[in-house]
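Please find below my comments on the model you sent round. They are set out as numbered points and can be read beside the coordinates.

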Amino acid sequence: MKISKLALFAIVLWVVSVIVFGWFFIKGNTAPIDGQRTAIMLNPAERELALVEMRGLLASTQGILEGLNKKDMKQVAQAARASGMASAADVNPALMAKLPMSFKELGMSVHHAMDEIAQDAEAGKPSGEILNKLSNTLSSCVACHAAWQLKSE
Ligand code: HEC
């Protein structure tokens, strides 16, 4: 069988595209900056979308603590659920492609933990156990903030 030059060219082009796409998917759209963090370059609307999500995470954290303090497990569940996986599901693909893999993993683990906290609250687990999970989750917030910055292009 003889492979035509055109077919060969198409295959090479396809392989190169897959590699380039994979590289961006893992590395994201990043730039080194002074200090210890790495900047993720987003357009202004994408940056705002990510920051809205962040403010949601802070509001959830506050709601969970307030609910635990008042022994109102319904509030704990509601506050946690607001930042669960469903809240991240509608993030647009272009933004996802710009976020580095490790950033996405850390972010998803936090959303997942929020769903777990909601389930635990609904199941009536002890406050101490939920506080422990929230505290562990907050170390992911701290770790991510120590590593990354969001910059507008
Ligand atoms: C996957 C990484 C990551 C995780 C996890 C994460 N953040 Fe962030 N967050 C960021 C980055 C990056 C910024 C922007 C910082 C900058 O540009 O200096 C940010 C900004 C914020 C802001 C500022 C929002 C604004 O409007 O300026 C708040 C509040 C915040 N995060 C709260 C949280 C809380 C609370 C958690 C955990 C429950 C959390 N974040 C988890 C990466 C993360």
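The points below cover the metal site, the pocket, the nonpolar core and three single residues of this predicted model.

1. Metal site, donors. The ligand carries an iron atom, and the protein supplies two donors to this iron: SD of Met54 and NE2 of His145. These atoms lie 2.0 to 2.2 Å from the metal. Six donor atoms surround the iron, and the angles they subtend run from 86 to 179°, so the arrangement is octahedral. For comparison, ideal angles for six octahedral donors are 90 or 180 degrees.

2. Metal site, position in the chain. Met54 belongs to helix α2 (residues 44–70) and His145 to helix α7 (residues 127–147). The two residues are 91 positions apart, so the pair links distant parts of the chain. Are these residues buried, exposed or partly exposed? Met54 has a relative accessible area of 30% and is therefore partly exposed. His145 is also classed as partly exposed, at 48% relative accessibility. Both values fall between the 20% and 50% cut-offs.

3. Largest pocket. The space in the largest pocket comes to about 400 Å³. Its lining consists of 24 residues, and those nearest the centre are Glu53, Met54, Leu57, Gly107 and His111. Met54, one of these, is also a protein donor of the iron.

4. Make-up of the pocket lining. Which helix gives the most to the lining of the largest pocket? Helix α6 does, with eight residues. At least two residues each come from α2, α5 (93–98), α6 (101–122) and α7. By class, the lining holds 17 nonpolar, five polar and two charged residues.

5. Nonpolar core. The largest nonpolar core has 14 residues. Those touching the most other members are Ile64, Val76, Ala80, Met114, Ile117 and Ile130. Helices α2, α3 (73–81), α6 and α7 each supply at least two residues of this core. Here too α6 gives the most, with five residues.

6. Glu46. This charged residue sits in helix α2. Glu46 counts as buried because its relative accessibility is 7%, where the cut-off is under 20%. Along the chain Glu46 and Asn92 are 46 residues apart, while their C-alpha atoms are separated by 8.8 Å.

7. Leu68. Helix α2 also holds Leu68. At 8% relative accessibility, Leu68 is classed as buried. What is the distance in space between Leu68 and Pro100, C-alpha to C-alpha? The two are 34 Å apart, with their positions 32 residues apart in sequence.

8. Lys71. The loop between α2 and α3 contains Lys71. Its relative accessibility is 70%, so Lys71 counts as exposed. From Lys71 to Ala113 the C-alpha distance is 20 Å, and the two are 42 residues apart in sequence. The backbone of Lys71 deserves a look: phi is positive, about 60°, although the residue is not a glycine. Most residues other than glycine have a negative phi.

Technical notes:
Residues are numbered from 1 along each chain as its sequence is written. This is a predicted model: local features need pLDDT of at least 70, side-chain atom pairs count only at pLDDT 80 or more; totals for chains, interfaces and linings use all residues. Side-chain values use heavy atoms; hydrogens and water are left out. Donors are N, O and S atoms within 2.8 Å of the metal (3.2 Å for Na, K and Ca); water is not among the atoms, so sites may look incomplete. Four donors count as tetrahedral if all angles lie between 85 and 135 degrees; four count as square planar and six as octahedral if opposite donors are over 155 degrees apart and all others between 65 and 115; anything else is irregular. Helices (H or I, at least four residues) and strands (E, at least two) are DSSP runs, numbered from the N terminus. Buried means under 20% relative accessible area, exposed over 50%, partly exposed in between (1.4 Å probe, protein chains only). On a 1 Å grid over the protein atoms alone, a cavity is a set of points where a 1.4 Å probe fits but cannot get out, and a pocket is an open set with protein on both sides within 12 Å along at least five of seven lines; lining residues have an atom within 4 Å of a point. Grid points are joined across faces, edges and corners, and a volume is the space filled by probe spheres set on the points. A nonpolar core is a set of buried Ala, Val, Leu, Ile, Met, Phe, Trp, Tyr and Cys residues joined through side-chain atoms within 4.5 Å.
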